[in-house]
Each structure stands twice: as C-alpha cells, then as structure tokens.
Amino acid sequence: MRLPLLALLARGPAHGYELKQDLEQLLGAAYPQPNVGQIYVTLSRLEKSGLIEGEEVAQSTRPNKKIYRLTDAGHEALLAWYEDTADEPRVRDEFFMKLALAQHTGLADQVTLINKQRRQYLNTMRGLSKLAGAENRDNRIAHLLIEGAMLHLQADLDWLERCQEELEGPE
Amino acid sequence: MNASPPTDPAPPALLRADGLVKTHYGEGAPVHAVRGVDLTVRPGEFVAITGPSGAGKSTLLHLLGGLQRPDSGSVWLDGESTDSYSEARWATTRRRSIGIVFQFFNLVSNLSVADNVELPALLAGTTAKQARAEREKLLAELGLAGKERSMPGELSGGEQQRVALARALVNGPGLLLADEPAGSLDSKGTREVIRLLSRFHQQGQAIVLVTHDARLASGADRVISFFDGRIVHDAELGGTPPRRDAGISDVLELTD
C-alpha cells in the first residue's frame, strides 16, 4: 500500500484517516475497505524511510493528529513508480497445479475440479455484477476496476473451457 | 442443487425438455449439435446456458422455442407436450407464451419502433388501445420513450436490442428466450442488457439465456455449461452478494 499512499499525498498533506477515505472514495465498493491500522503502520514506515514527514497537530478535544507531507525523496520514489511498467497478472497457478497433478495423485477428478472452479468464478462474477449495479454510476474509476476484474474472470472461465475441451474432448 | 424441501410441492415446470437430440446434415460430416438433453425450467427462474461457440447451445434454444424440431425427444410447456404442435401452433405459442430475442435483433426494418413492438400484440388479438398502452409502458421502462417514431436503422445496436426486448415481452410471455442478446453489442450495451434482464427477472420473468459471455451468464440463478451437445455442469449460483470487506477482496490487491 506504500505507493498508493504516497500518490495520494502528492496532491497535498493529509492525515491517515483522510487517506483511508480518499482511497475508498476513489475505488468504490470493489476495493476491500482499507484497514486504518494498516494505513498508520504503513505511514510510519514511509516516514522512517524518509519518503514522507509527519507533523503533530494539537486538537482540543481529541488526541493529536499527525499530518503527513511528501518529501523530495518521496516525490522521486513516485516518479520511479510511474517509470516502471507493472508485471502482468499471473495465471491462477494453484488451481492449475491441482488440475495438472490430479491424475498423478488419483485423489481428484479433473472434470470435477474444473466444474467446482467454474462455479466459484461464476459466483464471484455474480458478486461483481451486483457491485457494479450498486456502485455510483459517476464513479468511473470504480466501474473500471470492477470491469477489469470481470474481464479477468471471463478469461479464467474461457481458460477453464479450454481445459475441459482438452481433457473431456469427444472420445 | 437447491431442491425444495419435501413438504413443499415443487411448482409445475414452465418448460421441460426430455432427451432432446438434433443433428444437422449439410455439406460434410453430420453435426451432432444436441446429443441428449434433459432440462427443466421453473416459473420465474433465470437460467443461463454457456459454452464455446459451436457447442450447440443456440440449436438447443431453437428447439426449446420450436424454431427447430428435435430428431427425437420432447419439449413440454406448462405440462403439455408439444410433440403434435403444427408450425401454426408453435407460432401462436411464440406470440403468447414465449418471447425471443436474438443476437441481431431481427426488427422489421420498415416499421417504426412503436409498430415493431405493437405488432405481436395486435397479432395476438390485443385491442389497439391496449397494445399501445403496453408499448408505452415497456418503452418507458427500457429508456426508449421518445423513440416511438424512429425507424430501427436510426437506432444504436443497444437501442435496437431494447426494442427487440420490448417486442418479446409485449404479450407478457411466461418465458423469455434470449440467444446471445449482447453478442453484437459493445461493453456499454452489454452492461445495459445485463441490467435489464436482471430487472425483468426480479419482476418474476422466467428467462433462458444462451451466451458465451460469463458477465451476462452471472446474472442468472443457474448456469448450465453446455459442451459438445451435452449439459456437462448445472450450477445454482448463490444469491448473497459478497461482503464489502471480503469474498472478492482480491479484485484489487495492494501489495506491500
């Protein structure tokens, strides 16, 4: 979560709870609600490595809050982040290893494995459709996130179909 | 499967297929499109049939709607065998009890949107006044109010498919058959079709949908995988949406 937090701070100083809300608002319901504790831990690590600096601000009725700002080193780190291209997503290798080894172990039937996995993907797809339906229509970023997840799942389902074709083709 | 508890008598099947077989003979080797299919659809159920292209799923849908006849096996509608149905009887049935939408909309190109939707109602003996009222209601529901006078060619693909949906539903059929209804639409049109099918389903419409698109299929209560002319898997999907903080939490995973 380090770099997304840095990126949020590029716009201006903010405290931990604001960053949590910014992330939620940006990414919508498909994004797992960030754990505020995790955000504070990450922020203090970023501070230790000199990428951000914090300043305690006194509050009258509540404990002090800490406002973080990006340092020059943090700015550099963000630029480097944008320079890099991201790794492509990996094939669901755990399922594939199960499938590949099913015959060796004699413990599972390949077609049953495929069917179970398909049901899981379809259920997830259904959940995503519902999320898309519930998401604010104007939040384009959140909709793109959900659509991306759906297209990945579609590819996984197509791939299951290919596995099935190969393993259960006409005798 | 979600069998009803034993004390609760199962509702009568809206549609039942028994041992359907269909082989296409043309140039080259015969194509065994449907090789023994049993299928039951209950009132209000939304069933998706998915599978690779060429698996025979469109043929299956055509058999269910009487657009093609099986080589063997039977289709039952509301507990009645259609074995002895004439073409005319099937046509009447499709007008009153089964609505169908296709990938390429199949609207009558020289009739206005309003006439395309009202025609099947008038053919089924509805009064002009009532046909018009039904048409207005459906077009409004489908976001097409104001397009009544347009000709199909003036509409986008997504709009044409919505007109086709209105036409299919104008006589309040118990069953809607949809054959790749988003197959020629873009991503936005696809989302719109997903949304509309779900909405009609929530209103109690039974739907059998054939698609290779899992996004579309996932709107259904039940997804049947069709492969090489046979049903290879029949899965009831769970109805509970994922929790906000779990289940699909790896949609986007922040590392580190």
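Let me begin with a pair of helices in chain B of this predicted model: helix α3, residues 113–123, and helix α4, residues 128–141, pack against each other at an angle of about 130 degrees, and their axes are 9 Å apart. Because angles over 145 degrees would count as roughly antiparallel and those from 65 to 115 as roughly perpendicular, that value makes α3(B) oblique to α4(B). The crossing of these two helices, α3(B) and α4(B), is right-handed. On the α3(B) side the contact is made by A114(B), V117(B), E118(B), A121(B) and L122(B), while α4(B) contributes A128(B), A131(B), R132(B), E134(B), R135(B), L138(B) and L139(B). Sorted by class, the residues in this contact of α3(B) with α4(B) are eight nonpolar and four charged, with no polar ones.

Let me turn now to the sheets, beginning with the one that has six strands. In chain B these six strands form an open sheet, and if you follow them across you will read the order β6-β7-β8-β3-β9-β10, with mixed pairing. At the edges you will find β6, residues 98–101, and β10, residues 230–236, both of chain B, each of which pairs on one side only. On average, and ignoring direction, neighbouring strands of this sheet are turned by 15 degrees against each other.

Towards the β10(B) edge, strand β9 of chain B, residues 222–227, runs antiparallel to β10(B) and is joined to it by six bridges; if you would like a residue pair to look for on the screen, F226(B) stands opposite I231(B) in β10(B).

Two helices should be mentioned together with this sheet. Helix α1 of chain B, residues 57–64, packs on the sheet and touches β3 (46–50), β7 (175–179), β8 (206–211) and β9 of chain B, its direction making about 150 degrees with that of β8(B). Helix α5 of chain B, residues 157–169, lies across β6 and β7 of chain B, and runs at about 170 degrees to β6(B).

That leaves the sheet of four strands, which is also in chain B and is open, with the order β2-β1-β4-β5 and antiparallel pairing. Its edge strands are β2, residues 31–41, and β5, residues 80–81, of chain B, each pairing on one side only. Within this sheet, strand β1 of chain B, residues 15–24, is joined to β2(B) by eight bridges, the two strands running antiparallel, and here the pair to look for is V21(B), which stands opposite R35(B) in β2(B).

How values were computed. Residues numbered from 1 in each chain as written. Chains lettered and ligands numbered in written order. Predicted model: local features only at pLDDT ≥ 70, side-chain atom pairs only at ≥ 80, totals over all residues. Axes fitted to C-alpha atoms, helices over the stretch in contact; angles between N-to-C directions. Parallel < 35°, antiparallel > 145°, perpendicular 65-115°, else oblique. Left-handed = near helix turned anticlockwise from the far one by under 90°. Contact = placed C-beta atoms within 7 Å. Nonpolar A, V, L, I, M, F, W, Y, C, P; charged D, E, K, R; others polar. Pairing = 2+ DSSP bridges.
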